Amino acid sequence: MIREYSNKDKPKVIELLRKNTPEYFDSSEENDFENYLENEIEDYYVYEENFEIIGAGGINYFTEQKLARISWDMIDPKSQGNGIGKKLTQYRINHLNRNPKIESIIVRTTQIVFKFYEKMGFRLEKVEKDFWAKDFDLYQMKMNNKN
């Protein structure tokens with residue numbers, strides 16, 4: 001089940017980030033994520049199975065530029081490879097497809113998972129070495145919104 005994030009979910013999604021560190025996130029990103037949850041969250045969703053949060057991901061809006069950004073995606077390592085990331089990403093793309101003010105969707109990810117987003121229809125725009133932290137390069141990707 002995919003549902004909207006609520007503040008009571010914060011400890012569980014922080015735990016999800018920690019389960020994905022250091023493989024997918026650098027430990028220095030935890031403070032950024034907490035700040036995001038406290039101050040920058042716009043649309044954020046959790047994926048639950050049996051009342052346990054096993055995935056999360058958000059959307060941020062840049063309406064002046066007519067774009068939205070898929071943000072802070074994470075899946076419990078024990079549940080990766082089961083299509084949960086695909087469902088959560090497609091859910092947000094479908095949500096954005098209903099928004100006529102959004103022309104483009106971007107995702108900023110790393111070299112570790114950019115192929116996942118490529119399979120979802122995003123195309124690579126730019127790469128920046130050591131952007132997030134040492135050995136975590138920025139892979140910025142984009143797709144046109146189908147509204």
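**Exercise 1. Strand E4 and its partners**

Which residue in E4 does Asn60 stand opposite? Work through the pairing of E4 on both sides in this predicted model.

Solution.

Step 1. Asn60 stands opposite Arg69 in E4.

Step 2. Take the E3 side. Strand E3 covers residues 52-62, and seven bridges join it to E4. The two strands run antiparallel.

Step 3. Look at the turn between them. The hairpin of E3 and E4 has four residues between the strands, and Lys66 there takes a positive phi near 60 degrees.

Step 4. Take the E5 side. E4 and E5 are joined by four bridges and run parallel. In this pair, Leu67 stands opposite Ser104.

Step 5. Add the connection. E4, H3 and E5 make a right-handed β-α-β unit.

Step 6. Check the cover of E4, which spans residues 67-75. Nine of its nine residues are buried.

**Exercise 2. The sheet and the helices on it**

Determine the strand order of the sheet, find its edges, and place helices H2 and H3 against it.

Solution.

Step 1. Seven strands form an open sheet, in the order E1-E2-E3-E4-E5-E7-E6, with mixed pairing.

Step 2. Strand E1 (2-4) and strand E6 (123-133) each have a single partner strand, so one side of each is left without a neighbour in the sheet. These two strands therefore stand at the edges.

Step 3. On average, neighbouring strands of this sheet are turned by 25 degrees against each other, direction ignored.

Step 4. Helix H2 (residues 29-40) lies across E2, E3, E4 and E6, and runs at about 125 degrees to E4.

Step 5. H3 also packs on the sheet, where it touches E1, E2, E3, E4, E5 and E7. The direction of H3 makes about 30 degrees with that of E3.

**Exercise 3. The nonpolar cores**

Find which residues have the most contacts inside the largest nonpolar core, and which elements supply that core.

Solution.

Step 1. The largest nonpolar core has 22 residues, and Leu96, Ile105 and Phe122 are those with the most contacts inside it.

Step 2. Two or more residues each come from strand E2 (43-49), E3, E4, H3, E5, helix H4 (114-119) and strand E7 (136-144).

Step 3. H3 gives the largest share, four residues.

Step 4. A second core of 15 residues is separate, and includes Phe25, Leu37, Val46 and Met74.

Step 5. Return to Phe122. Beyond four places in sequence, its contacts include Ile70, Ile93, Ile105, Tyr117 and Met141.

**Exercise 4. Two residues compared**

Decide whether Thr109 and Lys86 are buried or exposed, and list the contacts of each.

Solution.

Step 1. Thr109 lies in strand E5 (residues 104-109). Its relative accessible area is 7%, and the cut-off for buried is under 20%, so Thr109 is buried.

Step 2. Leaving aside neighbours within four places in sequence, Thr109 is in contact with Phe114, Tyr117, Trp132, Asp137, Leu138, Tyr139 and Met141.

Step 3. Lys86 lies in helix H3 (residues 84-97). Its relative accessibility is 51%, and exposed means over 50%, so Lys86 counts as exposed.

Step 4. Not counting residues up to four places away in sequence, Lys86 touches Phe116 and Met120.

Step 5. Lys86 and Ile105 are 19 residues apart in sequence, and their C-alpha atoms are 16 Å apart.

**Exercise 5. Salt bridges between distant parts**

How many salt bridges does the structure hold? For three of the pairs, find which parts they tie together.

Solution.

Step 1. The structure holds 15 salt bridges.

Step 2. Lys10 pairs with Glu38, with the closest N and O atoms 2.6 Å apart. Lys10 lies in helix H1 (residues 10-19) and Glu38 in helix H2, so this pair ties together parts that are 28 residues apart in sequence.

Step 3. Asp76 forms a salt bridge with Lys19, the closest N and O atoms being 2.9 Å apart. Asp76 lies in the loop between E4 and H3, and Lys19 in helix H1, so the parts tied together are 57 residues apart in sequence. Asp76 is buried at 2% relative accessible area, whereas Lys19 is partly exposed at 34%.

Step 4. Lys66 forms a salt bridge with Glu103, and the closest N and O atoms are 3.7 Å apart. Lys66 is in the loop between E3 and E4 and Glu103 in the loop between H3 and E5, so the pair ties together parts 37 residues apart in sequence. Lys66 is partly exposed at 39%, and Glu103 is partly exposed at 45%.

Step 5. Salt bridges also link Arg3, Lys8, Asp9 and Glu48 in a network.

How values were computed
Residues are numbered from 1 along each chain as its sequence is written. This is a predicted model: local features need pLDDT of at least 70, side-chain atom pairs count only at pLDDT 80 or more; totals for chains, interfaces and linings use all residues. Side-chain values use heavy atoms; hydrogens and water are left out. Buried means under 20% relative accessible area, exposed over 50%, partly exposed in between (1.4 Å probe, protein chains only). Contact means heavy atoms within 4.5 Å. Two strands pair if DSSP finds at least two bridges between them. A crossover is right-handed if, with the strands pointing away from the viewer, the path from the first strand over the helix to the second runs clockwise. A nonpolar core is a set of buried Ala, Val, Leu, Ile, Met, Phe, Trp, Tyr and Cys residues joined through side-chain atoms within 4.5 Å. Axes are lines fitted to C-alpha atoms, for helices over the stretch in contact, and angles run from 0 to 180 degrees between N-to-C directions. A salt bridge is a side-chain nitrogen of Lys or Arg within 4 Å of a carboxyl oxygen of Asp or Glu.
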